[in-house]
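Got your viewer open? Set it to a cartoon view, keep the selection tool handy, and let's take a walk.

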Amino acid sequence: MKCISVPKNVDAQSRLNYDECLDDDLYEVYLSDEHFNTLDETGVFTLLNKELDINIDEYEDESIADAVMILKARLLVEGMLNSNHSVLLEMLLSQIKKAEESQTGVYFFF
């Protein structure tokens, strides 16, 4: 299982960085291999990797924790949703928005 996690607050983000999270610290979405592959086929990870100079990949852990990068990620995913409606893209966008609201980050544990 792959997971996209968003700390609920700055303290939770700090605990995540040290692998010391409490039970209610994170908004988590789990992806089956099939859902991961379907989301990957939309091209969203390739776009985010290119535009944000990161490496979201199947066997990598990656994060988007800078406020400017989170904003850019939101705009990129919203743009993709305008041309390719997908429940999985909506889920990713929801996690990005939660990170914006919480002023934390989006963590990809793949």
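Before the first stop, one word to agree on: "contact" here means heavy atoms within 4.5 Å. Also keep in mind that this is a predicted model.

**Stop 1: two helices at an angle**

Select His35, Thr38 and Leu39 in α2, then add Leu88, Leu89 and Met91 in α5: these two groups meet each other. Of the residues in this contact, four are nonpolar, two are polar and none is charged. Now switch back to the cartoon and look at the two helices as rods. Their axes are 9 Å apart and the packing angle is about 90°. An angle from 65 to 115 degrees counts as roughly perpendicular, so that is what we call α2 and α5.

**Stop 2: the sheet**

Stay with α2 for a moment, residues 33–41, and find what it lies across: strands β1 and β2. The helix runs at about 90° to β2. Now colour the strands. In which order do the four strands of the open sheet come? Reading across, you get β2-β1-β4-β3, and the pairing is antiparallel. At the edges sit β2 (26–31) and β3 (61–64), each with pairing on one side only. From one strand to the next, the twist averages 15°.

Strands of a sheet pair through backbone hydrogen bonds. To look closer, select β1, residues 2–7, together with β2: six bridges join this antiparallel couple. For one of them, click Lys2 and look over to Leu31, its bridge partner in β2.

**Stop 3: another helix pair**

Next, select α4 (residues 67–83) and α5 (residues 87–102). Their axes come within 10 Å and cross at roughly 155°. Angles over 145 degrees count as roughly antiparallel, which is why α4 gets that label relative to α5. The crossing itself is left-handed. Show some side chains too: the contact includes Ile70, Leu71 and Val77 of α4, and Leu89, Leu92 and Ile96 of α5. What classes of residue make up this contact? Eleven are nonpolar and five are charged, with no polar ones.

**Stop 4: aromatic rings**

Last one! Searching the whole structure turns up six aromatic pairs. Select Phe45 and Phe108, which form an edge-to-face pair. The ring centres are 6.4 Å apart, with 85° between the planes. Where do these two residues live? Phe45 belongs to helix α3 (residues 44–52) and Phe108 to strand β4 (residues 106–109), so the pair ties together parts 63 residues apart in sequence.

Technical notes:
Residues are numbered from 1 along each chain as its sequence is written. This is a predicted model: local features need pLDDT of at least 70, side-chain atom pairs count only at pLDDT 80 or more; totals for chains, interfaces and linings use all residues. Side-chain values use heavy atoms; hydrogens and water are left out. Two strands pair if DSSP finds at least two bridges between them. Axes are lines fitted to C-alpha atoms, for helices over the stretch in contact, and angles run from 0 to 180 degrees between N-to-C directions. Angles under 35 degrees count as roughly parallel, over 145 as roughly antiparallel, 65 to 115 as roughly perpendicular and the rest as oblique. A crossing is left-handed if the near helix is turned anticlockwise from the far one by less than a right angle, and right-handed if clockwise. Ala, Val, Leu, Ile, Met, Phe, Trp, Tyr, Cys and Pro count as nonpolar, Asp, Glu, Lys and Arg as charged, and the others, Gly among them, as polar. Rings of Phe, Tyr and Trp (its six-membered ring) pair if their centres lie within 6.5 Å; planes under 30 degrees apart count as stacked, over 60 as edge-to-face and the rest as tilted.
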